[in-house]
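Biologist: I should like to learn how to read a protein model. Could we go through one together, feature by feature?

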Amino acid sequence: MLKAGVGAIQKWVTPGALTDPDVVLYAARVSIWGRWFIWLVCIFLLAYRPGFWYPEYIEFLPIPVLLGTLNGLVHHRLLTNRPVTWRWLLCLSAGEIALITAGIVMAGGFRSFIFLAYYPSLAFFAVVFSSHWLSLAWTTTAAVAYATVCLRVGSGLDLDAGNERVLLTRLAVMYTIVLGISCLTRFERIRWQTSVSRERELRRERIELSQTIHDTTAQTAYMIGLGIHRARTLAGDSNKDLVAALDATSALSRSAIWEVRGPIDAGHILEGRELGRILWSHCATFERITGVPAEMSQSGTEPPLTTETRARLFSIAHNALTNAFLHAQPGRVEVRLSFEAGRISLSVSDDGVGLPDGHAELGRGFNGMRSDAEHMGGALMVESARG
Amino acid sequence: MSAAGRIRVMVVDDHPVMRNGLRDVLEASGRFEVVGQAGDGEEAVRTVEELKPEVIVMDVIMPVKDGIDACREIMELLPDTRVMMLTASTEEDAVIEAVAAGATGYLEKYSRPEELDFAQVHGPRMPPGFAWRQ
């Protein structure tokens, strides 16, 4: 029952597309860059009107530093392609609200202008979480915190001076901004999702066409291989040169089949299948085609990964398996996929003859794998018994 | 069985290359006679009563009607026919669906020739945990 309750809350907190990692990434980028933009505007204002920056405000310096650090922390995860989930963005907003409120407390409550920082913070919350209800609930939390601070800290509200009307106006501005941004975000997200869906549809059509071509090629190569095998059986050991030629051609047909299976299996990534499942199937295909036993193991639960991340990881695994098959003469191959907190590890190992010295630095295969790993903020490590 | 004592087989695959290739390989073994071919599940269901094959080797993914649906309908028309599904994927879902539809086994596409065990066409094997319909 508790699990169901948590699930219902999670569904409410992550409405609609926020379970889609591509949408979270997009929303995170917009809100993070938006925050930096606000910082830039503030710095320009301070440079233009140095009078805003009184020396006594130096004690508040930790507040903007911490706010910037929070934003920088999430931005660093984005830049290093580490997963940024809606939980991270919620924590960022919560941290902001807490720091802004603390700043207002330090500044003496109602009279402080720090309350202005609530506006962009709440606006960026609405950018990430497009649910009107959630945005309003979050705004109410901030409004209650702010009103409480105004009433209890310092001299409180001066009713004779009409402070209560000013406070209500400030709170009303909070709600207006959040509702406005929430509506704009929803409109923009629908527009963006329509555009993404159109792009995905085009990519799907291209992939289907590619899969059809590759599938036909693979099946043709397979049938050629069966024909060669038949010819090899008929030839027996009568002609050693013929047998050698047929064996070499048979190996070539297997190599061709394996090469074209790459794009075919990669097509499943766009269908939204989990990487672990695709790799498991790819390893089974590897074993069937090459005759080399391939074992796939996974530890940890696969988090929602973007299409690009899954495609790059698949490409690395396919290239590593291809290298093993073509160059290592392995007796067996192991693929290990591991998901730890914020970290993905993919290992492809074999018990073959190893690599020659310097081989890891050469060739398109290794360069491509390294490039894929670096694009995801990771690194490629090559270990060889010989090289 | 045919007059020559060979097992009557029908091959169903949307790729002509695969159909013709399988026909050649099966007939070259000397144990099978390919009595018909079909390019999709619909055509297979339409012609199966006339051809009356003992074994049908059928692809899973095909246009018009896929192998799973075709297998289900063929089992209603000719319950004694053994259907071997041809699959490029060993994913459990495809195998489970095929068994539920009445298939008696599966052949893996792209298996190495020496490992392509056509003997299982008349003595099929299944992964552990599956019960065979004999």
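Modeller: Let us begin with a term. A residue is called buried if 20 or more other C-beta atoms lie within 10 Å of its own, and exposed if 12 or fewer do. The model shown here is predicted. In its chain B, buried residues make up 43% of the 134 residues.

Biologist: Which pattern does chain B follow along the sequence?

Modeller: Chain B has four helices and five strands. Read in order, they give β-α-β-α-β-α-β-α-β. Contacts offer a second view of this chain: among those between residues at least 6 apart in sequence, 58% join residues at least 24 apart.

Biologist: How much confidence may be placed in chain A, and where is confidence lowest?

Modeller: Where pLDDT is low, the predicted coordinates should not be read in detail. The mean pLDDT of chain A is 83, and 90% of its residues reach 70 or more. Within chain A, confidence is lowest in helix 1 (residues 2-13), with a mean of 55, and highest in strand 2 (residues 333-340), at 91.

Biologist: How should one read the buried nonpolar residues?

Modeller: In soluble globular proteins, nonpolar side chains tend to be buried together. Here the largest nonpolar core has 72 residues, of which A:Leu279, A:Ala317, B:Met58 and B:Ala98 touch the most other members. Helix 10 (residues 307-328) of chain A gives the largest share of this core, eight residues. Leaving aside residues up to four places away in sequence, A:Ala317 touches A:Leu279, A:His282, A:Val335, A:Leu346 and A:Val348. Another core, of 39 residues, lies apart from the largest one and includes A:Leu67, A:Leu92, A:Phe110 and A:Leu122.

Biologist: How many residues does each chain bring to the contact between chain A and chain B?

Modeller: Chain A brings 16 residues and chain B brings 15. On the side of chain A, the elements giving two or more residues are helix 7 (163-235) and helix 9 (275-290). Helix 7 of chain A supplies the largest share, nine residues. By class, this side of chain A has six nonpolar, eight polar and two charged residues.

Biologist: Finally, what can be read from the length and course of helix 8 of chain A?

Modeller: One compares its span with the expected value. Helix 8 (residues 240-270) of chain A has 31 residues and reaches 47 Å from its first C-alpha to its last, close to the 45 Å expected. A kink of about 25° lies at A:Arg261, shortly before the proline A:Pro263. After helix 8 of chain A comes A:Gly272, whose phi is positive, near 90°.

Methods. Residues are numbered from 1 along each chain as its sequence is written. Chains are lettered from A and ligands numbered from 1 in the order in which they are written. This is a predicted model: local features need pLDDT of at least 70, side-chain atom pairs count only at pLDDT 80 or more; totals for chains, interfaces and linings use all residues. The expected span of a helix is 1.5 Å times one less than its number of residues. The bend at a residue is the angle between axes fitted to the seven residues ending there and the seven starting there. Two residues are in contact if their C-beta atoms, placed from the backbone, lie within 7 Å. Ala, Val, Leu, Ile, Met, Phe, Trp, Tyr, Cys and Pro count as nonpolar, Asp, Glu, Lys and Arg as charged, and the others, Gly among them, as polar. A nonpolar core is a set of buried Ala, Val, Leu, Ile, Met, Phe, Trp, Tyr and Cys residues joined through C-beta atoms within 7 Å. pLDDT is the predictor's confidence in each residue, from 0 to 100.
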